[in-house]
Amino acid sequence: MYKQFKIILNSRGAKLPPNCSYRLYAWLLKQLPQSIGSGLHKQGETNIAQYLYRDKDQEDYIWVLNVLDPQLSNLVFSVLDRAQIIDLHDRTVLIRSVTAEQFGSPEELAISGEFFRFTFRSATSFKQRGHASLFPMPELIVKSAGAKWNSVFQKEVQDFTGIAEGLFVEDYRLFTTRFQMKGNYIPGCLGTMNLRARLAGEELFLWQQLAGYINYCGLGVKTGLGMGGVQVECIDSKIR
């Protein structure tokens, strides 16, 4: 099964900037068998997508860890199940709770509906013609998510060509941010965007599956290192 872990962290009053997700990922790799951790570290695209954000209502930090490999997800679960404290060298954080959601096939992911809200939880950036593109245009969303889909579901490779033509931006509240990593500041966007799918039949169902999968795979570049964390949900047409 493919799994999404949500780890509630208690920072004991310390602030955890978004790029702490990179350090959490490094901690996780050290807990895994050396051969697996080294292999994931060397890969450009991994079967892990993760990000960190703060729950403003609860004032907790939530580390969302998506593991898109059934065998690896079992190993990660065993690590999280026994861990109580995460050592980030200059600070330690407590694990308050760990919950997991899982799916076995793409069909289970479909989000029914016509209107979709995208909440960009961590800095999201796309590469277009060798340069960073900050605005999440439908064609960039479909291209990025489609590539991530086909890299994981190799027995169910899909052609997403043409779907983006049926997606329209209805509303957006986005702003630019920077994600610090190894001395670099990578530009990206945060905020929300509403899309409407003017699709029908098989194309609509394929898009609904892809939209659900974005909750697990993220969007854009460096999703394994903490960028591109996105939550997608169906909304009422009257909500703006």
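The legends below describe views of a predicted protein model.

**Figure 1. The whole predicted model, with five helices and 11 strands.** The radius of gyration of the protein is 17 Å, close to the 18 Å that the globule rule gives for 240 residues, so the protein is as compact as a globular protein of that length. Measured out along the principal axes, the C-alpha trace spans about 50 × 35 × 35 Å. Of the 240 residues, 50% count as buried. Among contacts with a separation of 6 or more, 75% join residues that lie 24 or more positions apart.

**Figure 2. The surface and the charges of the protein.** The accessible surface comes to about 12200 Å². Carbon and sulfur atoms hold 47% of this surface. The protein has 27 positive and 23 negative charges. The mean position of the positive charges and that of the negative charges are 9 Å apart.

**Figure 3. Strand E10 and its two partners, E6 and E9.** Strand E10 covers residues 184–197 and is mostly covered, with 10 of its 14 residues buried. Strand E6, residues 115–124, pairs with E10 in the antiparallel sense over seven bridges. One place to look in this pairing is Phe 116, whose bridge partner in E10 is Leu 195. Strand E9, residues 167–181, also pairs with E10 in the antiparallel sense, over 14 bridges. Here Tyr 172 stands opposite Met 193 of E10. In a regular strand the side chains alternate between the two faces of the sheet.

**Figure 4. The hairpin of E9 and E10.** Two residues lie between the strands of this hairpin. Lys 182 takes a positive phi near 50° in the hairpin.

**Figure 5. Pro 187 in strand E10.** Is Pro 187 buried or partly exposed? The relative accessible area of Pro 187 is 22%, and buried means under 20%, so this residue counts as partly exposed. Pro 187 and Ala 123 are 64 residues apart in sequence, while their C-alpha atoms are 7.3 Å apart in space. With neighbours within four places in sequence left aside, Pro 187 is in contact with Ser 125, Ala 132, Leu 134, Thr 177, Arg 178 and Met 227.

**Figure 6. Strand E5 with strands E1 and E4.** Strand E5 is made of residues 92–103 and pairs with E1 in the antiparallel sense over nine bridges. Strand E4, residues 85–87, pairs with E5 in the antiparallel sense over three bridges. Which residues stand opposite Leu 94 of E5? Asn 10 stands opposite Leu 94, and Ile 85 stands opposite Leu 94 as well. E4 and E5 form a hairpin with four residues between them. In the turn of this hairpin, His 89 has a positive phi of about 75°.

**Figure 7. Two loop residues with positive phi, Arg 12 and Lys 222.** Arg 12 is found in the loop between strand E1 (2–10) and helix H1 (20–31). Phi of Arg 12 is near 55°, a positive value in a residue other than glycine. The relative accessibility of Arg 12 is 51%, and exposed means over 50%, so Arg 12 counts as exposed. Lys 222 lies in the loop between helix H5 (201–217) and strand E11 (230–234). Phi of Lys 222 is near 55°, again a positive value in a residue other than glycine. Lys 222 has a relative accessibility of 39%, which lies between the 20% and 50% limits, so Lys 222 counts as partly exposed.

**Figure 8. Tyr 61 and its surroundings in the model.** Tyr 61 has its place in strand E3, residues 60–67. Is Tyr 61 buried or exposed? The relative accessibility of Tyr 61 is 7%, and buried means under 20%, so Tyr 61 counts as buried. Apart from neighbours within four places in sequence, Tyr 61 is in contact with residues including Ile 7, Ile 8, Leu 9, Ser 11 and Ala 14. Also among the contacts of Tyr 61 are Lys 15, Leu 16, Leu 52, Tyr 53 and Arg 54. Tyr 61 and Leu 174 are 113 residues apart along the chain, and their C-alpha atoms are separated by 22 Å.

Terms used:
Residues numbered from 1 in each chain as written. Predicted model: local features only at pLDDT ≥ 70, side-chain atom pairs only at ≥ 80, totals over all residues. Heavy atoms only, no water. Rg over C-alpha atoms; globule rule 2.2 N^0.38 Å. Buried < 20%, exposed > 50% of the residue type's maximum accessible area, 1.4 Å probe, protein only. Contact = heavy atoms within 4.5 Å. Areas by Shrake-Rupley, 256 points an atom, 1.4 Å probe, with all protein chains shown as cover. Lys, Arg positive; Asp, Glu negative; His and termini not counted. Charge placed at Lys NZ, Arg CZ, Asp CG, Glu CD. Pairing = 2+ DSSP bridges.
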